[in-house]
Amino acid sequence: MPELPDVEGFRRVLDEHTGEPIESVSVYDAGVLRGVTPRRLRAALRGHRFEAARRRGKWLIAPAEGPVVLIHFGMTGSLSWHPADEPRDRFVRVVWRLRDGELRYGDMRKLKGIHLAADAADAPRVLGDLGPDALDVSRDRLAGLLAGRRGRLKTTLTDQSVIAGLGNLLADEICWRARINPLRTAGDLDPPEQAALHRAMRRVLRASVEAERVPPRATWLTGARDDPDPVCPRCGTHLTSRRLSGRRTVWCPRCQPA
DNA sequence: AGGATTGTTATTAA
DNA sequence: GTTAATAACAATCC
């Protein structure tokens, strides 16, 4: 699931548990460790405290008094806080034990996972080529990011090197809210359309961050898209669905004409 | 059984 | 250089 709002929720979880020393780090499945061994992860973090957690796009960035933990949640990752004696489900892959409980990284599919940077200066190496966080993109900046792009709008919005944080559900939701067809060429939007897209992005993100997910409300595309015979929550027209570079894309042919 | 799934990346092709 | 499509990664659900 994790797109920007979900990861923002994980960031809050971590932020509530800064300041206490990490008593132990347990790796139950090293398959989620990327470029670091369990031994090195333990050695780098034991006795350290997590500091204020940050997020960039879908990355959670957790400095720990020197070393920096960077987590990408893939499609099924999560971070949650539990009492140490609460039974762990079988998808818990890594546990950071603190004084009053533990942080658990769970991940069913293990598509991405946990990286370790030596220090803050080393963190960009892990993040790679990331565009600005979607929450930091102004209207003018959005126009600049789309300018000259010949790819489709949906594909451009989900390209993390252009804008960081938008995933499949958010991109469809934003296009639907802005009443713009996701197959349009990104660079072809006129200024009023750019403004509508930006407004939709702000509103969708704000409500989603609040809910810590893209909320499947009945008045949202996300609340309708998985119905057996989905119709547009605005106008009742049957929704159109198509695969776009391997991702399901849903839109309303009436509200979002080609 | 077969197909689908909210993420990224490598590869190939146009 | 840009864009698009596909498979792969892994594990589940319908």
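This report walks through a predicted model of a protein with DNA, starting with the sheets and ending at DNA strand C.

**The sheet that begins with E2**

Let's start with an open sheet of four strands, whose order is E2-E3-E4-E8 and whose pairing is antiparallel. Which strands sit at its edges? They are strand E2 (54-56) and strand E8 (113-117), each of which pairs on one side only. Going from one strand to the next, the twist averages 25 degrees.

Now zoom in on one pair. Strand E4 (residues 68-72) runs antiparallel to E8, and five bridges link the two. If you want to find one of these partnerships in the picture, look for His72: its bridge partner in E8 is Gly113.

A helix joins in here as well. Helix H1 (residues 4-15) lies across E2 and strand E3 (59-63), and it runs at about 20 degrees to E3.

**The sheet that begins with E1**

There is also an open sheet with the strand order E1-E6-E7-E5, made of four strands with antiparallel pairing. Its edge strands are strand E1 (24-27) and strand E5 (77-82), each pairing on one side only. Here the twist averages 15 degrees from one strand to the next.

E5 and strand E7 (residues 102-107) run antiparallel and are joined by six bridges. Within that pair, His82 stands opposite Glu102 in E7.

You've already met H1, and here it is again: H1 lies across E5 and E7, at about 30 degrees to E5. Helix H2 (residues 38-45) packs on this sheet too, touching E1 and strand E6 (92-97), and the direction of H2 makes about 165 degrees with that of E1.

**Two helices that cross**

Next, a pair of helices. Two packed helices are described by the angle between their axes and the distance between the axes. For helix H4 (residues 139-146) and helix H7 (residues 191-211), the axes come within 9 Å and cross at roughly 115 degrees. The crossing is right-handed.

Which residues make the contact? From H4 come Arg139, Leu142, Ala143 and Leu146, while H7 brings Gln194, Ala195, Leu197 and His198. Sorted by type, the residues of this contact are five nonpolar, two polar and one charged.

**A hairpin**

Strand E9 (residues 240-244) and strand E10 (residues 247-251) pair in the antiparallel sense, with five bridges between them. One of the matches to look for is Thr240 with its bridge partner in E10, Trp251. The hairpin has two residues between the strands, and in it Ser245 takes a positive phi near 40 degrees. Keep Ser245 in mind for the next part.

**Around DNA strand C**

Finally, the DNA. The residues surrounding DNA strand C include Arg90, Phe91, Met108, Lys110, Arg152, Thr155 and the hairpin's Ser245. The surface near the strand divides into six charged residues, three polar and three nonpolar.

Which part of the DNA faces the protein: sugar and phosphate, or bases? Of the atoms of DNA strand C within 4 Å of the protein, 69% belong to sugar or phosphate, and the rest belong to bases. The table lists some of the places where a protein atom lies by a phosphate oxygen of DNA strand C.

| Residue | Protein atom | Distance to a phosphate oxygen of DNA strand C |
|---|---|---|
| Arg90 | polar side-chain atom | 2.6 Å |
| Arg152 | backbone N or O atom | 3.3 Å |
| Ser245 | backbone N or O atom | 3.5 Å |

So you can track Ser245 twice: in the hairpin of E9 and E10, and again with a backbone N or O atom 3.5 Å from a phosphate oxygen of DNA strand C.

Conventions:
Residues numbered from 1 in each chain as written. Chains lettered and ligands numbered in written order. Predicted model: local features only at pLDDT ≥ 70, side-chain atom pairs only at ≥ 80, totals over all residues. Heavy atoms only, no water. Near = heavy atom within 4 Å. Polar contact = N/O pair within 3.5 Å; in protein donor to acceptor, adjacent residues only side chain to side chain. Nonpolar A, V, L, I, M, F, W, Y, C, P; charged D, E, K, R; others polar. Axes fitted to C-alpha atoms, helices over the stretch in contact; angles between N-to-C directions. Left-handed = near helix turned anticlockwise from the far one by under 90°. Contact = heavy atoms within 4.5 Å. Pairing = 2+ DSSP bridges.
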